[in-house]
Amino acid sequence: MPNTALITGASGGIGAEFARYHSSKKGDLIIVARRLDELNMLKRELELAHGVTVHVIAQDLGETDGADALITTVDALDVPVNILIKNAGFGGHGRHIDRKLADEHAMIDLNIKALVTLPNVYSSTGQ
Ligand SMILES: NC(=O)c1ccc[n+]([C@@H]2O[C@H](COP(=O)([O-])OP(=O)(O)OC[C@H]3O[C@@H](n4cnc5c(N)ncnc54)[C@H](OP(=O)(O)O)[C@@H]3O)[C@@H](O)[C@H]2O)c1
């Protein structure tokens with residue numbers, strides 16, 4: 001039975017490790033981030049190592065409508081999504097009053113707005 005995980009922020013760090021773990025259990029993947037080259041390298045690595053299918057989506061989830069665009073792209077793939085890991089994000093450091101407002105907004109857009117826009121669960125039909 002197919003067991004596909006959609007992982008955001010899978011081009012490196014913890015997200016890439018989630019992808020490695022899931023594929024080691026023979027699960028297929030949809031991996032998402034901005035850096036297409038890193039995603040394609042991970043796709044090659046995991047398909048070769050585990051014989052799974054890895055779909056790559058390059059998407060900036062911090063941009064306006066980025067999360068909606070991802071939902072549309074995933075729907076078009078027509079692959080049932082069984083596991084959703086909303087991992088993409090970053091943490092700003094320092095006092096709010098010392099930080100650039102644009103950086104704070106970018107963090108809110110990615111860590112909060114995109115997070116709540118993506119569905120909490122995908123049904124077995126991929127909706
Ligand atoms: N590591 C920690 O100690 C720690 C602690 C608390 C929370 N977290 C959270 O856990 C998650 C993973 O942490 P990590 O240490 O693995 O971070 P990381 O190494 O910086 O990786 C972040 C991932 O998110 C992706 N990403 C960043 N901005 C994006 C955007 N605008 N659109 C789409 N993808 C984006 C990055 O890929 P691209 O650059 O290719 O887009 C990368 O794949 C993050 O949400 C982080 O805030 C981590």
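**View 1. The open sheet of four strands in the predicted model.** The strands of this predicted model pair in parallel and form an open sheet in the order E3-E2-E1-E4. Its edge strands, each of which pairs on one side only, are E3 and strand E4 (83-85). Neighbouring strands of the sheet are turned by 15° against each other on average, with direction ignored.

**View 2. The pairing of E1 with E2, and two helices that pack on the sheet.** E1 and E2 run parallel and are joined by five bridges, with isoleucine 30 in E2 serving as the bridge partner of leucine 6. Helix H1 (residues 13-24) packs on the sheet, where H1 touches E1, E2 and E4, and the direction of H1 makes about 170° with that of E1. Helix H2 (residues 36-50) also packs on the sheet, in this case touching E2 and E3, and the direction of H2 makes about 175° with that of E3.

**View 3. Helix H3 (residues 66-77), its buried face and its exposed side.** The end C-alpha atoms of H3 are 17 Å apart, which agrees with the 16 Å that its twelve residues should span at 1.5 Å a residue. Gly66, Ala67, Leu70 and Val74 are buried in H3; seen down the helix axis, the buried residues fall within an arc of 95°, so they line one face of the helix. These buried residues pack against strand E1 (4-8), strand E2 (28-33), strand E3 (54-58) and helix H4 (101-117), whereas Asp68, Thr72 and Ala76, on the other side of H3, are exposed. Aspartate 78, which follows H3, has a positive phi, near 60°.

How values were computed. Residues numbered from 1 in each chain as written. Predicted model: local features only at pLDDT ≥ 70, side-chain atom pairs only at ≥ 80, totals over all residues. Expected span 1.5 Å × (residues − 1). Buried ≥ 20, exposed ≤ 12 C-beta atoms within 10 Å, placed from the backbone. Arc of directions from axis to C-beta. Contact = placed C-beta atoms within 7 Å. Pairing = 2+ DSSP bridges. Axes fitted to C-alpha atoms, helices over the stretch in contact; angles between N-to-C directions.
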